[in-house]
Amino acid sequence: MSLEDPPSFTPKDLLLRGRERIQRGWCQWSFAQDEAGNSLDNPQSDKACAFCIRGAMAYPPAFYTEALHTAYYFLEDAATEYTGRRHALVSFNDHPARSVPDLLATFVTALRLADLPTHTP
């Protein structure tokens with residue numbers, strides 16, 4: 001791989017990285033927040049320390065890739081399985097009753113779905 005080539009990510013890689021970010025800090029109503037709780041438009045900011053479910057998945061080399069869209073698909077299916085209703089990821093994340101354990105459980109389910117050969121977008 002040359003320096004110009006972005007690293008390759010699988011959907012599972014992105015789900016694992018997203019879960020790690022949520023474990024470090026989670027927020028609602030913005031993609032990311034700084035230590036003071038201020039919203040950040042860019043989840044890649046060096047100031048970002050808390051992330052929403054979508055912001056946690058945002059890695060520059062993975063932007064707009066099939067792997068990212070597939071990872072979102074697994075998360076959406078996991079959120080549906082968790083709540084029994086279909087949700088957009090942002091709505092699922094920002095629901096007033098949502099908590100970090102809910103998000104982490106959703107990532108666990110999404111990782112399980114990613115391992116199923118019959119579960120594809």
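A charge sits over a ring if NZ of Lys or CZ of Arg is within 6 Å of the ring centre and within 35 degrees of the ring normal. Keep that in your pocket for the first exercise, and remember that this is a predicted model.

**Exercise 1. Charges over rings**

Work out which rings have the charged ends of Arg21 and Arg54 over them.

*Solution.* Start with Arg21: its charged end sits over the ring of Phe51, at 4.2 Å from the ring centre. Next, take Arg54. Its charged end sits over the ring of Tyr72, 4.2 Å from the centre of that ring.

**Exercise 2. Overall layout**

Sketch the order of helices and strands along the protein, then say how much of the protein counts as buried.

*Solution.* Begin with the parts: there are 4 helices and 3 strands. Going along the sequence, they come in the pattern α-β-β-β-α-α-α. Now for burial: 42% of the 121 residues count as buried. Finally, look at the contacts with a separation of 6 or more; 59% of these link residues 24 or more positions apart.

**Exercise 3. An aromatic pair**

Classify the aromatic pair formed by Tyr82 and Phe92, and explain what it ties together.

*Solution.* The structure holds 2 aromatic pairs, and Tyr82 with Phe92 is one of them, with 6.3 Å from centre to centre and 90° between the planes. Planes over 60 degrees apart count as edge-to-face, so this pair is edge-to-face. Then place the two residues. Tyr82 belongs to helix 2 (residues 66–83) and Phe92 to helix 3 (residues 89–94), so the pair ties together parts 10 residues apart in sequence. Last, check exposure: Tyr82 is partly exposed, at a relative accessible area of 39%, while Phe92 is buried, at 0%.

**Exercise 4. Two packed helices**

Describe how helix 1 and helix 4 pack, including the relative direction and the handedness of the crossing.

*Solution.* Two numbers get you going: helix 1 (residues 11–24) and helix 4 (residues 100–114) pack at an angle of about 170°, and their axes are 10 Å apart. That angle makes helix 1 roughly antiparallel to helix 4. As for the crossing of these two helices, it is left-handed. To see who meets whom, look in helix 1 for residues including Leu15, Leu16, Gly18 and Ile22, and in helix 4 for residues including Leu103, Leu104, Phe107 and Leu111.

**Exercise 5. Gln33 and its neighbours**

Decide whether Gln33 is buried or exposed, and find which residues Gln33 touches.

*Solution.* Gln33 lies in strand 1 (residues 32–33). Its relative accessible area is 18%. Buried means under 20%, so Gln33 is buried. Leaving aside residues up to four places away in sequence, Gln33 touches Cys27, Gln28, Asn38, Ser39, Leu40, Lys47, Ala48, Cys49 and Ala50.

**Exercise 6. Two loop residues**

Locate Trp29 and Ser45, and say what the phi of Trp29 is.

*Solution.* Trp29 lies in the loop between helix 1 and strand 1. It isn't a glycine, yet Trp29 has a positive phi of about 70°. At 65% relative accessibility, Trp29 counts as exposed. Moving on, Ser45 is in the loop that runs between strand 2 (39–40) and strand 3 (50–51). Ser45 counts as partly exposed, with 23% relative accessibility. From C-alpha to C-alpha, Ser45 and Ala32 are 8.6 Å apart in space, with their positions 13 residues apart in sequence numbering.

Note on methods
Residues are numbered from 1 along each chain as its sequence is written. This is a predicted model: local features need pLDDT of at least 70, side-chain atom pairs count only at pLDDT 80 or more; totals for chains, interfaces and linings use all residues. Side-chain values use heavy atoms; hydrogens and water are left out. Rings of Phe, Tyr and Trp (its six-membered ring) pair if their centres lie within 6.5 Å; planes under 30 degrees apart count as stacked, over 60 as edge-to-face and the rest as tilted. Buried means under 20% relative accessible area, exposed over 50%, partly exposed in between (1.4 Å probe, protein chains only). Axes are lines fitted to C-alpha atoms, for helices over the stretch in contact, and angles run from 0 to 180 degrees between N-to-C directions. Angles under 35 degrees count as roughly parallel, over 145 as roughly antiparallel, 65 to 115 as roughly perpendicular and the rest as oblique. A crossing is left-handed if the near helix is turned anticlockwise from the far one by less than a right angle, and right-handed if clockwise. Contact means heavy atoms within 4.5 Å.
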